[in-house]
Amino acid sequence: GPKGKKDKKPERTPTEFDPYLQNRVNAQTLTQWIITSSKGDKQLAMLMNAIQHACKVVSNSIEKAGPAGLYGLAGNENATGDDVKKLDIIADDIWVECLRRSGVCGLLVSEEQENAVIIEDEALRGPFCVAFDPL
């Protein structure tokens, strides 16, 4: 540019998305929030991450449920003779597996199951009791 003047970066043209993006600058991810909120309690952070993971996997299953025919009644058979699992049963399996694998739960109480799930494996057992409705 001309002597003595610095080239200025051209101004960005505003878009219709700006009102939505402005608040995202300071937004935290759930994982970031868990890390800062659990104040060094690693077991609590592990539990909250397991719950976060279960929610994401269940959400993903719901998105795929329609085309995959998962809205059927439990006990129905599909074309290949496999039992079609109802979405709430799939969600329950996901929650139980995610919480069991976290290694910080001792007892799981699901709305979908008559009895509490006791984590028998000492290597996977932890201090938390979690009650949940998987869907």
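Before I show anything, one term: a residue is called buried when its relative accessible area is under 20%, exposed when that area is over 50%, and partly exposed in between, using a 1.4 Å probe and protein chains only. What you see above is a predicted model, in which local features need pLDDT of at least 70 and side-chain atom pairs count only at pLDDT 80 or more, while totals for chains, interfaces and linings use all residues. Residues are numbered from 1 along each chain as its sequence is written, and side-chain values use heavy atoms, with hydrogens and water left out.

My topic today is salt bridges, where a salt bridge is a side-chain nitrogen of Lys or Arg within 4 Å of a carboxyl oxygen of Asp or Glu. The structure contains 4 of them, and I will walk you through some of these contacts around one helix.

That helix is α4, which covers residues 87-102; helices here are DSSP runs of H or I with at least four residues, strands are runs of E with at least two, and both are numbered from the N terminus. The expected span of a helix is 1.5 Å times one less than its number of residues, and for the 16 residues of α4 this gives 22 Å, which agrees with the 23 Å between its end C-alpha atoms.

Which residues are linked in a network of salt bridges? They are Glu-97, Arg-100 and Arg-101. Glu-97 meets Arg-100 with N to O at 3.6 Å, and it meets Arg-101 at 2.9 Å. Arg-100 lies 3 residues from Glu-97 in the helix, so about one helical turn separates the two, and Arg-101, at 4 residues from Glu-97, is also about one turn away. As for accessibility, Glu-97 is partly exposed at 33%, Arg-100 is partly exposed at 26%, and Arg-101 counts as exposed at 65%.

Now please look at Asp-88, which pairs with Lys-86, their closest N and O atoms being 3.9 Å apart. Is Asp-88 buried or exposed? Asp-88 is buried, with a relative accessible area of 17%, whereas Lys-86 is partly exposed at 31%.

Asp-88 has company in that respect, for the buried residues of α4 also include Leu-87, Ile-90, Trp-95 and Leu-99. Finally, just after the helix, Gly-103 takes a positive phi of about 80°.
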